[in-house]
Amino acid sequence: MKILLLTNHLNAGGITTYVLSLAKGLKEKGHLVKVASRGGEKLDVLKSLGIEHIFLNIFTKSEISPKIFWAKRNLCSILEKEGMDLLHAQTRLTRVISRYVQKRLNLPFVSTAHGFYKKRISHKIFPHWGKGVIAISKAVEKHLKVKFGLEGIKIKVIYNGVEMGSFKKSEKEINGLRNNFGLSRGPVIGIISRLAEIKGHFYLIRAMKYVLEKIPSAQLLIVGEGKIRNLLLRLIKDLEMEKSVFLVSSISDKSLIFSLMDIFVLPSLEEGLGMVLLEAMAFGIPVVASNTGGISEIIQDGENGLLVLPRDEKGLGEAICRILEDDTLKNKLVFKGKQTIEEKFTLDNMVKETEDFYREILTF
C-alpha cells in the first residue's frame, strides 16, 4: 500500500511519536509511506528513517484559515502524480485537509482519535472523520460514540505500541545530565509531558510537599515545554521548592531522561491513553498515574503501577512514597509493567492492526 500520514507538526509529543513509530513500522512491512506536516524538531528522525516528508504550511488552529485552503490545493497537486492508496489524518486540521483531498482525488482517508475532544461549532461545520476512525483506547471510542454520535462510521480500538529493548545509558552520560540539571544523588520522580493544565503538573508539584516531608532527598524532574511554564515556576518558588523541583526543556534522547528517573508519574486530569506512560513502563520504570480515561486500560492498581484519583495531591504523594520505601513493590511494578507492554502494547501489534484496518477500509 501507498500511505500518506498527515499531522500538524513533528515537534515532540505523543502524536509525533505515534506518527514516527507507525511510519517506521509500515515501511518495514514493505509499504510506501510518506508524511505531510509543517515540519518540526523531529523532522531529522523521519529523514533518518528514509521516509519522504511533504511540507504543508499549516501553522494555524483555524479550519477556515487561508493556509488550510492553500495546503489543500498544494497537497492535491502533489498527490495527483503520487498514486497514493490511503490518507491517514491525525488531527482536526488534517482531517479537514484529508476530506478535501478525498473529494477531489477520490482517495479514502481514515483518522486517529488521540484523545478527547470538546464539541465545537467547527465539528458541525467540518464533521470529517473519514471512512474509519482508530480510537487509541476504549474510553476514546466511547467518547466518540456518545459525544459525536459516530455510530455509522467504522471505529476500531488500536492501542498505541512502543518498542521494547531500550537500554539505560552509561553512568558517565547519566551523571553528566544529572549535573547539568542540578540534581543531587537523591531519588528522582519524573514526568515528561507538554506543559498544560490538563496534564496535572500543579497537583504533582504540590504532592511533592508531602513526599519531601517523608523523603527529604527526593527530587521532581519536569521535562517539557508549554504555555503554563511560568505559572509552574511561580508555584515552585511560592512553595520554596527550588532546590527540589527542576523544570527543563525537552531533549531529543528520551532514554537518557528515563535513565535518571526512579519513578514516572502521569497525573493527567484527562488522558486518551498515555504514550509516554507506555514508554516509561517499557523502559523499566515504576509508574504512578491518574485513574482517568484510557489509563485504567493500561494500569491495574497495585499490579503493574499505582493509580490515584485526578487532582488528589495527597494520594499522589502517598503513592510515590510507597514505591520509594518498598523495594519489593517497586520490583513487582517494574516486572509486571514490562510484561504488560510485551503482551498488549507492542509496536508490532499496533502496526499490524493498523495495516489490517487500512485493508478493511479499502475494501469497504
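Trainee: What makes strand β4 and strand β5 a pair, and in which sense do they run?

Mentor: In this predicted model, β4 (residues 86–89) and β5 (residues 109–113) share 3 bridges in the parallel sense. Pairing requires at least two bridges between the strands, so the two strands qualify as a pair. Within this arrangement, His-88 stands opposite Val-110 in β5.

Trainee: What is the order of the strands in the open sheet?

Mentor: The sheet has 7 strands in the order β3-β2-β1-β4-β5-β6-β7, with parallel pairing.

Trainee: Why are β3 and β7 said to stand at the edges?

Mentor: Each has a single partner strand, so one side of β3 (52–55) and one side of β7 (154–157) lack a neighbour in the sheet. Neighbouring strands are turned against each other by 25 degrees on average, direction ignored.

Trainee: Which strands does helix α1 lie across?

Mentor: Helix α1 (residues 14–28) lies across β1 (2–6), β2 (32–37), β4, β5 and β6 (132–135). Relative to β2, helix α1 runs at about 160 degrees.

Trainee: Which residues have the most contacts inside the largest nonpolar core?

Mentor: That core has 72 residues, and those with the most contacts inside it are Leu-5, Leu-144, Leu-221, Phe-258, Phe-264 and Leu-277. Helix α11 (residues 275–283) supplies the largest share, 8 residues. A second, separate core has 35 residues, including Met-241, Ile-263, Leu-329 and Leu-333.

Trainee: What is Leu-144 in contact with, leaving aside its neighbours within four places in sequence?

Mentor: Its contacts are Ala-113, Tyr-117, Trp-129, Val-133, Ala-135, Gly-149, Leu-150 and Ile-155.

Trainee: Why is Arg-178 said to have no salt bridge?

Mentor: The nearest side chain of opposite charge, Asp-262, is 5.6 Å away. A salt bridge needs a nitrogen-to-oxygen distance within 4 Å, so Arg-178 does not meet the criterion. Arg-178 is nevertheless buried, and its place is in helix α7 (residues 171–181). Not counting residues up to four places away in sequence, Arg-178 touches Leu-183, Ser-184, Arg-185, Gly-186, Val-188, Gln-219 and Leu-260.

Trainee: Why, by contrast, is the meeting of Glu-163 and Lys-24 called a salt bridge?

Mentor: Their side chains meet at 3.4 Å, N to O, and the cut-off is within 4 Å, so the pair qualifies. Glu-163 lies in the loop between β7 and α7 and Lys-24 in helix α1, so the pair ties together parts that are 139 residues apart in sequence. Lys-24, Glu-28 and Glu-163 are linked in a network of salt bridges. The structure holds 16 salt bridges.

Trainee: How do you know that Glu-163 and Lys-24 are partly exposed?

Mentor: The relative accessible area is 46% for Glu-163, and the relative accessibility of Lys-24 is 23%. Buried means under 20% and exposed over 50%, with partly exposed in between. Both residues therefore count as partly exposed.

Trainee: What separates Lys-145 from Glu-141 in helix α6?

Mentor: The two are 4 residues apart in helix α6 (residues 138–148), which means about one helical turn. Their side chains meet in a salt bridge at 3.6 Å, N to O. Lys-145, at 31% relative accessibility, counts as partly exposed.

Trainee: Where do Lys-314 and Glu-318 lie?

Mentor: Both lie in helix α12 (residues 313–325), 4 residues apart, about one turn of the helix. Their salt bridge has an N to O distance of 2.4 Å, and the limit is within 4 Å, so the criterion is met. Lys-314 is partly exposed at 49% relative accessibility, as is Glu-318 with a relative accessible area of 31%.

Note on methods
Residues are numbered from 1 along each chain as its sequence is written. This is a predicted model: local features need pLDDT of at least 70, side-chain atom pairs count only at pLDDT 80 or more; totals for chains, interfaces and linings use all residues. Side-chain values use heavy atoms; hydrogens and water are left out. Axes are lines fitted to C-alpha atoms, for helices over the stretch in contact, and angles run from 0 to 180 degrees between N-to-C directions. Contact means heavy atoms within 4.5 Å. A nonpolar core is a set of buried Ala, Val, Leu, Ile, Met, Phe, Trp, Tyr and Cys residues joined through side-chain atoms within 4.5 Å. Buried means under 20% relative accessible area, exposed over 50%, partly exposed in between (1.4 Å probe, protein chains only). Lys and Arg count as positive and Asp and Glu as negative; His and the chain ends are not counted.
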